[in-house]
Structures are given as C-alpha cells and as structure tokens.
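The following note sets out points for discussion on the model shown here. It is arranged as numbered paragraphs, to be read alongside the coordinates.

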Amino acid sequence: VANVSHELRTPLTVVNGYVENLQDMPDLSQDSARRALQLMAEQTKRMENLVADLLTLSHLENDLSPLLEETVDMDVLLNEILKEGQLLNGGSHSLRLELQSNAKLLGNREELHSAFGNLLSNAIRYTPKGGAIILRWAERGDQPVFSVQDSGIGIPPQHIPRLTERFYRVDRSRSRETGGTGLGLAIVKHIAIRHQAKLEVLSEEGKGSTFSIVFPGKRTAN
Ligand code: ADP
C-alpha cells in the first residue's frame, strides 16, 4: 500500500499543482492553459496505466481458478505482437520476427499476449533509436522458448535478480519518461509461473538484453 500510494502521489501532486494554477489565474493565455491541460493529461494517463497494471497483477495473484488453456498458434500471436510493436515504436527501431519453431503452445492466449507484449514494449522503451529488436520463437531441447533480444541500454548485473519486484527500476526517470509503471516484469513473472515457465534475463550494460520465457516441454502442442 505504501509503494502504491507513493507511485500515485507524484502524478496527483503535479495535477493538483496545475489545477491550482488554473484556478488562481483565470486570465491565463490560451497557450499556457493548453500546455497545462496537456501536462495534466500525461499525468492522468500515467495514473490510469498504473491502476490498469495493478488490477492485472491483482487478478493474476488472486486467481485461484486453474489456467484456462488452449492451443495457441504462435505464428498468429507473434505476428499480432509484432504489429503492435511497430505501432508503438513508430519505425524508430528495426523489429524482426524469427520463427525457428513451428510448435504451438498450450496456454492462455490472453495472458501470453500480455507477457510477450510487455517484454517487447520494454525492449522498445529501453533501446535507443536505430537499435535492433528480435522476437524469437525457438526450441531448447524439448522446451519451447519465447525471447525478445534488444540492442539497448542493458542492465548492470547487480540489478538483474530484482527486476521482477514490483516498482523496482534501474533508472526511475527513464522508466517514467517512457510511460513505465514498474509493474511490467512482475506481471510477466506471474504469467510465466502460471504456465510453469521460467523468465530468464541475459544482459550486458551498453550492449543489450535478452528476456526469455522458457516453457516446460509438456506445453508443446502440434
Ligand atoms: P517499467 O515500467 O519501469 O519498465 P518493468 O517491470 O517492465 O517496469 O521493468 C523493470 C525495470 O527493468 C525497468 O524500469 C528497467 O530499468 C529494466 N528493464 C526492463 N526491460 C529492460 C530492457 N529490455 N532493457 C533494459 N532495461 C530493462
């Protein structure tokens, strides 16, 4: 509760500040008013994202019902994710999909979509313009593996074990500037656990990162 309150307080304080300014200065120019409204909108959007991620996380954590499983066609799902990534990055990175396996996956489509989408969105947000991002579907022995490889800023090794903690960020300002809630990897980890899968992180500072979800062999479907 303390962490969530803290996360909500900053944007609320900013919005409050602008509301008070607007109240105190009824003669504010159109331009200044528009600018204030734009900044307020950014902050309310941030709060909305935070609440949406909190609800997703609480749903994943409290869900006692078994995972609703289906056979997921990875070719179709990953092409959807790739399209969403292209919309998100507006052409600023090279995005590529490598389908090295044609195995289908037994799992919950919606949750998988959310986990894969979160990893891709992170790769985009933590990779400078012009970088390369690869979405990969492959097999390691009998285990199906989804991974996202980026040529981004990377992560110093001491931070890696803590990345899936709620609100843990290596660089607060970069996370905030790019619209991060600090909950994405906590959500990914929960979804992986619900699929008996493991989240693996390989990263080198300044060179890039690879986030992989390694599924158990029993989740392969044909
Ligand atoms: P956020 O909303 O802050 O991105 P996440 O839970 O998704 O929260 O990620 C936690 C932190 O892990 C991020 O703040 C960032 O420091 C780091 N991180 C996640 N993905 C990457 C990546 N692909 N490259 C570099 N750092 C990353």
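Which residue in S5 stands opposite Ile133?

1. Pairing of S4 with S5. The residue opposite Ile133 is Asp150 in S5. The coordinates discussed here are those of a predicted model. S4 and S5 run antiparallel and are joined by 8 bridges. The two strands form a hairpin with 2 residues between them. In the turn of this hairpin, Gly141 has a positive phi of about 60°.

2. Overall content. The protein contains 6 helices and 8 strands. Read from the N terminus, its elements follow the succession α-α-β-α-β-β-α-β-β-α-α-β-β-β. The C-alpha trace spans about 70 × 40 × 35 Å along its principal axes. Of the contacts between residues at least 6 apart in sequence, 73% join residues at least 24 apart.

3. Burial, surface and charge. The protein has 222 residues, of which 42% are buried. Its accessible surface comes to about 12300 Å², and carbon and sulfur atoms account for 52% of that area. There are 25 positive and 28 negative side chains, and the centres of these two sets lie 3 Å apart.

4. The five-stranded sheet. An open sheet of 5 strands is present, with the order S2-S4-S5-S7-S6 and mixed pairing. Strand S2 (94–99) and strand S6 (198–204) stand at the edges; each has a single partner strand, so one side of each is left without a neighbour in the sheet. On average, and with direction ignored, neighbouring strands of this sheet are turned by 15° against each other. As general background, strands of a sheet pair through backbone hydrogen bonds, in either the parallel or the antiparallel sense.

5. The S2–S4 pair and the helix packed on the sheet. S2 pairs with strand S4 (residues 132–140) in the parallel sense, over 6 bridges. Within this pair, Leu99 stands opposite Trp137 in S4. Helix H4 (residues 109–125) packs on the sheet and touches S2, S4, strand S5 (143–150) and strand S7 (208–214). The direction of H4 makes about 25° with that of S5.

6. Helix H6. How many of the 11 residues of helix H6 (residues 184–194) are buried? The number is 8, and the helix is thus described as mostly covered. The buried residues are Gly184, Leu185, Ala186, Ile187, Val188, Ile191, Ala192 and Arg194. The elements that cover them include helix H2 (30–62), H4, S6 and S7. H4 therefore deserves attention twice in this note: it packs on the sheet, and it is among the elements covering the buried residues of H6.7. Backbone at Gln196. Just after H6, Gln196 takes a positive phi of about 55°, although this residue is not a glycine. Gln196 is found in the loop between H6 and S6. Is the residue buried or partly exposed? With a relative accessibility of 42%, Gln196 counts as partly exposed.

8. Backbone at Phe167. Phe167 is not a glycine either, and has a positive phi of about 65°. This residue lies in the loop between S5 and helix H5 (172–177). Phe167 is buried, with a relative accessible area of 7%. A reader checking backbone geometry may wish to inspect both loops.

9. Surroundings of Ser203. Ser203 lies in strand S6, one of the two strands at the edges of the sheet. At 24% relative accessibility, Ser203 counts as partly exposed, because the cut-off for a buried residue is under 20%. Leaving aside residues up to four places away in sequence, Ser203 touches Gly154, Ile155, Ile160, Gly208 and Ser209. The C-alpha atoms of Ser203 and Pro156 are separated by 7.6 Å, and these residues are 47 apart along the chain.

Key:
Residues numbered from 1 in each chain as written. Predicted model: local features only at pLDDT ≥ 70, side-chain atom pairs only at ≥ 80, totals over all residues. Heavy atoms only, no water. Helix = DSSP H or I, 4+ residues; strand = E, 2+ residues; numbered from the N terminus. Buried < 20%, exposed > 50% of the residue type's maximum accessible area, 1.4 Å probe, protein only. Contact = heavy atoms within 4.5 Å. Areas by Shrake-Rupley, 256 points an atom, 1.4 Å probe, with all protein chains shown as cover. Lys, Arg positive; Asp, Glu negative; His and termini not counted. Charge placed at Lys NZ, Arg CZ, Asp CG, Glu CD. Pairing = 2+ DSSP bridges. Axes fitted to C-alpha atoms, helices over the stretch in contact; angles between N-to-C directions.
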